[in-house]
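Please look over the sequence and the model shown here before reading on. The paragraphs below then go through the fold step by step.

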Amino acid sequence: MSGSWINPWLALLIAGVLEVVWASGFKYVGTQRPLISVGVAIVMAASFYFLWVATQKLPIGTAYAIWTGIGAVGAATVGILVFGEPATALRIVCIVLIVAGIVGLKLFSGAH
């Protein structure tokens, strides 16, 4: 399957959201939790699949940077909201800068 069945930007968004899920799920992975571990692996594989779909039409540098950016911002946000990690002003500024980079890459990627 070539991945032409879905808009590449939508595929990239799905890949990024799935990255947040599996990255956050690492907190719960372990030998005592085999079903969670398998679930995280499945979500990881799905994330990579949708990233691959996106890269069939988008520049690899743009797609990869946006995918990792969504993952970084999402995981940091989950860390703050779910795991009680600190939400310092400097940390929030850094998250906003990552978002600005993602938006910039989307706007200036040259891909539609």
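What follows moves from the overall make-up of the protein to its nonpolar core.

This is a predicted model, in which local features need pLDDT of at least 70 and side-chain atom pairs count only at pLDDT 80 or more, while totals for chains, interfaces and linings use all residues. Residues are numbered from 1 along each chain as its sequence is written, and side-chain values use heavy atoms, with hydrogens and water left out.

The protein has 4 helices and 0 strands, where helices (H or I, at least four residues) and strands (E, at least two) are DSSP runs numbered from the N terminus. Read from that end, the order of elements is α-α-α-α, and the C-alpha atoms fill a box of roughly 40 × 40 × 15 Å along the principal axes. Of the contacts (heavy atoms within 4.5 Å) with a separation of 6 or more, 73% join residues 24 or more positions apart.

Of the 112 residues, 35% are buried, which here means under 20% relative accessible area with a 1.4 Å probe, counting protein chains only. The largest nonpolar core, a set of buried Ala, Val, Leu, Ile, Met, Phe, Trp, Tyr and Cys residues joined through side-chain atoms within 4.5 Å, has 19 residues, and Ala 11, Leu 12, Phe 50, Leu 51, Leu 58, Ile 66 and Trp 67 touch the most other members. Helix H1 (8-25), helix H2 (34-55) and helix H3 (60-81) each supply at least two residues of this core, with H1 giving the most, 7 residues. Leaving aside neighbours within four places in sequence, Leu 51 is in contact with Leu 12, Ala 15, Ala 63, Tyr 64 and Trp 67.

Notes:
Buried means under 20% relative accessible area, exposed over 50%, partly exposed in between (1.4 Å probe, protein chains only).
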